Number of protein chains: 2
Amino acid sequence: MTVAIKSLAAMTTRAVYDKLAALNADIATLAALSSVLGWDQQTMMPPKGADVRTRQSVFIDTVLHERASSKELGDILHELQARQKSGDLEKELNEYELANIRIGLRDYKQIVLKPVELAQARSRLSNEAPIAWTAARKESDFNKLAPFLKDWIKISRDWAQIKIKAGTAPEASRIHNEALSLLTTEEDKKKCFKGYYQALMDDYEIGFKQSTLVELFDGLKEKLVPLIAKIKAKGQPHDDSCITGNFDIERQTKFSHRIATELGFDTDAGRLDVSAHPMTTGTHPNDVRMTTRYTENLFSEGITSTIHETGHSLYEQGRNKKYDGQPVSQAMSLGIHESQSLLWERMVGLGRPFWTYALPVLKEMFPEKENVQSATVENIYNAFNRVEPGFIRVEADEVTYHLHVILRYELEVALIEGELEVEDIPKAWNQKMKDYLGVEVTEDRVGCLQDIHWSVGLWGYFPTYSLGAINAVQIFNAAKKQIPDLEAHLAKGDFHILKEWLNKNIHEKGSLYQSGEELITVVTGEKLNVNYFINHLVDKYTAIYDL
Amino acid sequence: MTVAIKSLAAMTTRAVYDKLAALNADIATLAALSSVLGWDQQTMMPPKGADVRTRQSVFIDTVLHERASSKELGDILHELQARQKSGDLEKELNEYELANIRIGLRDYKQIVLKPVELAQARSRLSNEAPIAWTAARKESDFNKLAPFLKDWIKISRDWAQIKIKAGTAPEASRIHNEALSLLTTEEDKKKCFKGYYQALMDDYEIGFKQSTLVELFDGLKEKLVPLIAKIKAKGQPHDDSCITGNFDIERQTKFSHRIATELGFDTDAGRLDVSAHPMTTGTHPNDVRMTTRYTENLFSEGITSTIHETGHSLYEQGRNKKYDGQPVSQAMSLGIHESQSLLWERMVGLGRPFWTYALPVLKEMFPEKENVQSATVENIYNAFNRVEPGFIRVEADEVTYHLHVILRYELEVALIEGELEVEDIPKAWNQKMKDYLGVEVTEDRVGCLQDIHWSVGLWGYFPTYSLGAINAVQIFNAAKKQIPDLEAHLAKGDFHILKEWLNKNIHEKGSLYQSGEELITVVTGEKLNVNYFINHLVDKYTAIYDL
């Protein structure tokens, strides 16, 4: 051991960095393998292959964990950290290389921090809770899921506590310590979970402050709740008959493939298949596999999912190949990833310019469908942009969607920080649905039992969906300012201009910056500002619904 | 190290065996991973994914090699070997478990035997030679390939020599030592490559003696050369108009899937897809993936390939799950594997009973094709069983096919053992084509440059194709004796009776026996006998061609 450390100390900074890069490349290869196996499982694997696939995945994950937590990797990272402190690093490495060290140190600290028992408990719950969730949802019986949620909250708190103590989520430590300083008894201090949600959220949206999120969400609630009420008061939604009826699956598939390719998806470096839940797996920029799903009498779902996943895929295909296999080449965060899918799905795919281009293609593909043949761009624009408050998040439109997310965020915080008991979830859920969307939940199946997220341990994850939408609007606004006549280009089907702008400004930057917020500031020239998003929704739907 | 060995010695035999089984299971998981990646590469991977796939495959192969040659595995195997010598093992382990130790020792000895330099040279040539071969074939220029073949022969001899010296191919050592004993000068002894071919062949057909092969091949040549001449002299081949013309690919696909399923392929434990070269990958009995290919104006190719690969797949799906992940559960040898594909392709798929069942299905699928609708079983039987000597092995019928194999075998032996120079391959090839098949080779593209095998290092492999056919006939004859009214069952589409018989007698036996020959003897009650095969061909084609 001493020998290895000595020899590291004797090496040039470049040589030590190269050792880091080589270890990173192996870790990336393992992650890529894991991703190919995951894709295969969702799309191709025969059902009886499940057990042997589990063995393969566990094997790869174990080797990946060994490598990512190896003493060799730690020694190299700490050697580089020591040189950074002495100011040597900045002279020899560029900003991308420095980012690799920063991310490497953070990830390493985090991975060696997690006790084996916690990892095992997570793994066990991740298997058992979704089974309980499936049964609970089927029977609309929340009690079947409740004990598992309690276990998840306990485990999540344990993990948050570890991070707060170790200082890997600095904002969470700050919040927690501030709260502690206001408490006097040891008893109270023991029960203080302030900052825990921030610590959990940090796993999905690195560096994003909960205080910023509260500001964004307060702004959203203030404007969207009355907007939705106004739309509802207006009565009947717009006619969507131009996209109703049965659409032949084979031609839906063709249409989706054509649109994905036109948007810039490189089919020599990726695939589009079908799975029960649409997804994108980013093995490598040269091998990006996405899926969608088609339903014969739900045309809008197939094309919307395809455009959404194409947005994710363009991010993955556009990652920086110069830093191939290195952490800096990875996507910045979930909120930025979702900004790319939503920018294409909503800012482009729900817009008039896109349908000016796409409607003739659709007409060409479905010559026998009279409702398609007689549709105008205005018809299809209105049909795709209906606002209808409902029970289900994944079926929600772009206005009501965020109130579903805010509701979940508020419950999660209250549960993690000890202000809400698991038993009281259904009541709290239903009250918020009424307050925010004016909807009376009839049963938990379509209420607090609808999402799998909590059962698989995704606590602190939901906010990234709305963050993605807020980011998307601000980024699209910047693109419109920087690309002359962007909408005219889109209307002609010239999507490559936008794609290349995103490649350069978002995709190739990878994880260069400290947070998604920092990336947004660099790209758009101003701090994250929820008003772009609010104005977009208010203007768009005031016009559509003539409010 | 001493500690580990001591603790092994202190363990019960069952406990040591269990340690072996656990290591084997990991090795099997890695092999399965490698196989999934290979399948994905041939069927699904986008073209630009090739580089990153190579990295993934090399990574898995490296870990696999580390595990399969680890000191821990060696210590366990040697501990068990020591206990076997003292007679302890047979009391505690059953015959399948003993076979695992036997195969483990053999494989371990072989893997630690191969020097790194040799493995690297093989790996380099495996990449470079096929590229040269592609160019050489395209331009019909043998000189472009010749230097690579020389390198392959050198490397193959090196490997054979290592095996002969280490005694891992006992029959090869015997042949070599006998040859040496007849030589007097050191110079001559140095140039003696006798037994080298036997050593190479042992990698593909474990325990099979070259002397047996010579006997089989001499018997074949003696009977097939005049049979082919007689058929040729007869003039026009049978009418095959009932299967000519264009067959819609989508319905060919449906037909192939239906037949594969009827033959017993479990689609819950496998897939049938399309690739440039039909293949079967046996990840696990519960996840067997096969491919075929369809050409619109070549109906016979698609269905024949499908049935062939289904034969391989039934073997893989039928492997012994009780010894899951253990060497004994693996297929016996290439010659036995090929016996399963050929039994279904030729003994079943080219027979009257099969078409009695399948012709109505075909008519149902292609109602618009008049030539199909008017065909009788006799028409289709004759159309599928035409004998026509040609240049290309993979396009050859079941009679002429084996002369293509014998020709390659004879050239390989002469090349490896130093009796033929690479430069003389084209001349020797063309002479044998004339002698055996009465065919004048017009250019090397359709002569000695047609197969990729030598370029990828498969020296000693070709004989397994003919062995498979010889095995298939003898096995099918045994099945006919043991299953009452087998052909009547086949004519009704009751294929499961044959499949289950093969499951029990071949598939589940795995690698229990020392060689494919031993398995044949156990299953059929008599030694491997080429006369079954010869009589099958002579009787069948004498009738078809009214000789």
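**Group meeting talk: chain B and its contact with chain A**

Hi everyone, let me start with a pair of strands: β1(B) and β3(B) run parallel to each other and are joined over five bridges. To pick out one of those partners, D273(B) is matched with T291(B) in β3(B). Please keep in mind that this is a predicted model.

Now, is β1(B) largely enclosed or not enclosed by the rest of the structure? It is largely enclosed, because four of the five residues of β1(B) are buried.

Let's move on to the interface. Chain B brings 35 residues to the contact, and chain A brings 35 residues as well. Between them, about 2,900 Å² of area is buried, with carbon and sulfur atoms giving 62% of that.

For those of you who like electrostatics, how many salt bridges are there between chain B and chain A? The count is six. One that you can look up in the structure is D324(B) with R55(A), where the closest N and O atoms are 3.1 Å apart. There are also 12 residue pairs in polar contact between the two chains, counting those with both residues at pLDDT 80 or more.

So which elements of chain B supply the side that touches chain A? At least two residues each come from α2 (13-43), α3 (50-68), β1 (270-274), β2 (280-284) and β3 (287-292) of chain B. The most comes from α2(B), which gives 10 residues. Sorted by class, this side of chain B has 14 nonpolar, 12 charged and nine polar residues.

That's my tour, and I'm happy to chat about any of it. Thanks for listening!

Key: Residues numbered from 1 in each chain as written. Chains lettered and ligands numbered in written order. Predicted model: local features only at pLDDT ≥ 70, side-chain atom pairs only at ≥ 80, totals over all residues. Heavy atoms only, no water. Contact = heavy atoms within 4.5 Å. Buried area = accessible area lost by both parts, 1.4 Å probe. Salt bridge = Lys/Arg side-chain N within 4 Å of Asp/Glu carboxyl O. Polar contact = N/O pair within 3.5 Å; in protein donor to acceptor, adjacent residues only side chain to side chain. Nonpolar A, V, L, I, M, F, W, Y, C, P; charged D, E, K, R; others polar. Buried < 20%, exposed > 50% of the residue type's maximum accessible area, 1.4 Å probe, protein only. Pairing = 2+ DSSP bridges.
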